[in-house]
Amino acid sequence: MFETLQTDLVRDARHLRLDTLVRLRWLAVAGQGAAVAGAHLGLGLPLPFGWCFLVIAASSWLNLTLRIRYPASHRLSDDAAVLLLAFDIIQLAALLFLTGGLQNPFALLFLAPVLISATALPPARTLALGLLAVGLSTLLALVYRPLPWFAGETLELPFLYVSGVWTAILLGTAFTGVYAWRVAEEARQLAQALAATELVLAREQHLSQLDGLAAAAAHELGTPLATITVVAKELDRQLGPTASPSVAEDLALLRDQVERCRGILAKLTSLDADQGGFIETISLSHLVEELVAPQRALGIVLDVTTKGDGPEPACRRNPGVMFGLANIVDNAVDFAESCVAIEARWSPDRVSLEIRDDGPGFAPDVLLRVGEPYVSTRSAAQEGGTGLGLGLFIAKTLIERSGAQLTLANAVDPSTGAVVRIAWPRHVFEREAKGGRNTGTGDAAPLTQARDVPI
């Protein structure tokens with residue numbers, strides 16, 4: 001379900017709003033109308049005024065039709081958006097044909113529809129629009145009405161100049177298309193990845209809220225359970241001397257179950273104690289054991305080491321951190337050949353986790369970008385072609401919110417495999433267990449080590 005949601009986010013983020021194209025087209029209509037009216041009425045240039053305004057009116061009619069037919073919030077499919085942008089290119093080509101072809105300085109406006117497509121549509125559609133724009137500009141370099149000029153004078157620009165304009169349109173279409181697509185794609189991917197992170201965090205937060213609901217339920221159940229206890233004692237006092245063996249056995253079972261319920265409720269209500277409950281607070285070694293426990297049945301050897309100076313640190317259970325660490329351990333187990341080593345260390349001022357596997361390690365071409373959104377360390381065969389490269393990005397975001405520094409590296413000879421290190425200042429790691437709240441903005445000093453790649 002999570003992968004389907006991510007696919008929907010990627011698809012929906014590309015869809016253009018109809019209102020955006022309609023507003024841009026009204027702007028183009030206003031600019032074209034002002035240019036034609038200014039040239040003909042203001043400068044007195046002999047251009048085909050009626051035909052020009054007929055071409056401009058075609059855009060106005062299209063806009064009015066779209067406004068009547070669809071709501072402003074309507075989102076266009078890729079094919080519909082391509083058709084509308086293609087219409088804009090053809091409409092501009094018709095207007096340029098009437099006013100001098102590529103000798104008209106407004107010929108560079110061919111770039112506008114391609115730029116819009118590059119920011120919102122897949123590359124294949126942008127390529128098709130770019131080819132249409134270049135093709136029509138090629139035609140306009142050869143076939144066009146003369147450039148309107150003052151009466152009694154003619155202006156015919158040399159073909160070399162026209163060829164330069166055509167070359168500028170070609171290069172501009174290619175460069176602005178690629179540049180705009182790249183910038184828009186990076187912004188879109190980052191926004192989608194952050195949205196995915198928020199969705200995961202919200203889901204984990206809902207799970208963590210069950211602890212509070214359990215404590216509240218324990219308080220609510222305390223009163224009826226006390227009543228049951230009183231009734232059970234009264235029945236035992238009244239029927240005990242004369243009760244049959246079966247009734248006496250039932251009364252004894254009732255008392256035992258009441259005591260069992262009271263013990264369970266006592267554990268749940270301890271969640272509200274100042275010292276923290278058995279669900280809320282967890283030591284470092286227990287945290288590591290909770291991470292590796294689900295992986296022990298997968299056939300990979302898990303070598304866990306915990307050691308340090310002084311008392312072992314403890315932290316408040318953070319669903320986001322647990323999710324992020326579990327994701328890193330999952331990746332290590334997936335890529336490991338036979339063994340994953342997890343080493344937890346602490347000192348008076350630092351708490352760290354190191355996760356190493358004996359797999360192939362990070363590929364050199366992705367090592368510097370691992371942890372960015374939509375950069376996956378998995379091959380298509382390992383993920384079945386469905387990986388979006390968001391797992392490590394989400395883990396990084398959630399872990400760093402707790403004030404940690406996460407670094408990646410490849411093991412050096414004689415070892416092989418990937419190494420992931422997570423380190424907290426000890427006071428940051430323990431602050432929530434002491435009653436503080438995680439603000440997600442750790443004040444840790446940089447902890448980057450040699451040959452490590454911070455992500």
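Two residues are in contact when heavy atoms of one lie within 4.5 Å of heavy atoms of the other. Keep that cut-off in mind for this tour of a predicted model.

**Stop 1: Asp19**

Select Asp19, which sits in helix 2. Show what lies around Asp19: leaving aside residues up to four places away in sequence, Asp19 touches Arg67 and Ala72. Now add Tyr70 to the selection. Asp19 and Tyr70 are 51 residues apart along the chain, and their C-alpha atoms are separated by 9.4 Å. Is Asp19 buried or exposed? Its relative accessibility is 7%, so Asp19 counts as buried, the limit for that label being under 20%.

**Stop 2: the whole chain**

Zoom out and colour by secondary structure. The protein chain has 14 helices and eight strands. It holds 455 residues, of which 39% count as buried. Take the contacts between residues at least 6 apart in sequence: 75% of them join residues at least 24 apart.

**Stop 3: helix 2 and helix 4**

Select residues 18-42, which form helix 2, and put helix 4 beside them; the two axes are 12 Å apart, at an angle of about 5°. How is helix 2 placed relative to helix 4? Helix 2 is roughly parallel to helix 4, because of that angle. To see the contact, show side chains on both helices. Helix 2 contributes Leu18, Leu21, Arg25 and Gln32, while helix 4 contributes Leu84, Leu85, Phe87, Asp88, Gln91, Leu92 and Leu95. Coloured by class, the contact of helix 2 with helix 4 shows seven nonpolar, two polar and two charged residues.

**Stop 4: helix 3 and helix 4**

Keep helix 4 (residues 78-98) and add helix 3 (residues 49-69); their axes come within 8 Å and cross at roughly 165°. Helix 3 and helix 4 are therefore roughly antiparallel to each other, an angle over 145 degrees being what that term requires. The crossing of helix 3 with helix 4 is left-handed. On the helix 3 side, the contact is made by Trp51, Cys52, Val55, Ile56, Ala58, Ser59, Leu62 and Leu66; on the helix 4 side, by Leu84, Phe87, Gln91, Ala94, Leu95 and Leu98. How many charged residues are there in the contact of helix 3 with helix 4? There are no charged residues, and the rest divide into 12 nonpolar and two polar.

**Stop 5: Val143**

Next, find the loop between helix 6 (123-142) and helix 7 (159-239), and select Val143 there. Val143 has a relative accessible area of 44%, so it is partly exposed. Add Leu102, which is 41 residues from Val143 along the chain; the C-alpha atoms of the pair are separated by 9.6 Å.

**Stop 6: the largest nonpolar core**

Select Leu325, Ile328, Val340, Leu353, Ile422 and Trp424. These are the residues with the most contacts inside the largest nonpolar core, which has 36 residues. Several elements each supply at least two residues of this core, among them helix 9 (284-292), strand 4 (339-347), strand 5 (350-357) and strand 7 (418-425). Which element gives the most to this core? It is helix 10, with seven residues.

Centre the view on Trp424. Not counting residues up to four places away in sequence, Trp424 touches Val321, Leu325, Asp349, Arg350, Val351, Leu353, Ser402, Gly403, Ala404 and Phe429. Elsewhere there is a second, separate core of 29 residues, including Leu66, Leu96, Ala107 and Leu140.

**Stop 7: helix 9 and helix 10**

Show helix 9 with helix 10. Their axes are 9 Å apart and the packing angle is about 55°, which makes helix 9 oblique to helix 10. Helix 9 passes helix 10 in a right-handed crossing. Where the two meet, select Leu287, Glu290 and Leu291 in helix 9, then Met322, Leu325, Ala326 and Val329 in helix 10. This contact of helix 9 with helix 10 has six nonpolar residues, no polar residues and one charged residue.

**Stop 8: Ser347**

Finish at Ser347, in strand 4. Apart from residues up to four places away in sequence, Ser347 touches Asp309 and Arg426. Ser347 has 17% relative accessibility and so counts as buried.

Note on methods: Residues are numbered from 1 along each chain as its sequence is written. This is a predicted model: local features need pLDDT of at least 70, side-chain atom pairs count only at pLDDT 80 or more; totals for chains, interfaces and linings use all residues. Side-chain values use heavy atoms; hydrogens and water are left out. Axes are lines fitted to C-alpha atoms, for helices over the stretch in contact, and angles run from 0 to 180 degrees between N-to-C directions. Helices (H or I, at least four residues) and strands (E, at least two) are DSSP runs, numbered from the N terminus. Angles under 35 degrees count as roughly parallel, over 145 as roughly antiparallel, 65 to 115 as roughly perpendicular and the rest as oblique. A crossing is left-handed if the near helix is turned anticlockwise from the far one by less than a right angle, and right-handed if clockwise. Ala, Val, Leu, Ile, Met, Phe, Trp, Tyr, Cys and Pro count as nonpolar, Asp, Glu, Lys and Arg as charged, and the others, Gly among them, as polar. A nonpolar core is a set of buried Ala, Val, Leu, Ile, Met, Phe, Trp, Tyr and Cys residues joined through side-chain atoms within 4.5 Å. Buried means under 20% relative accessible area, exposed over 50%, partly exposed in between (1.4 Å probe, protein chains only).
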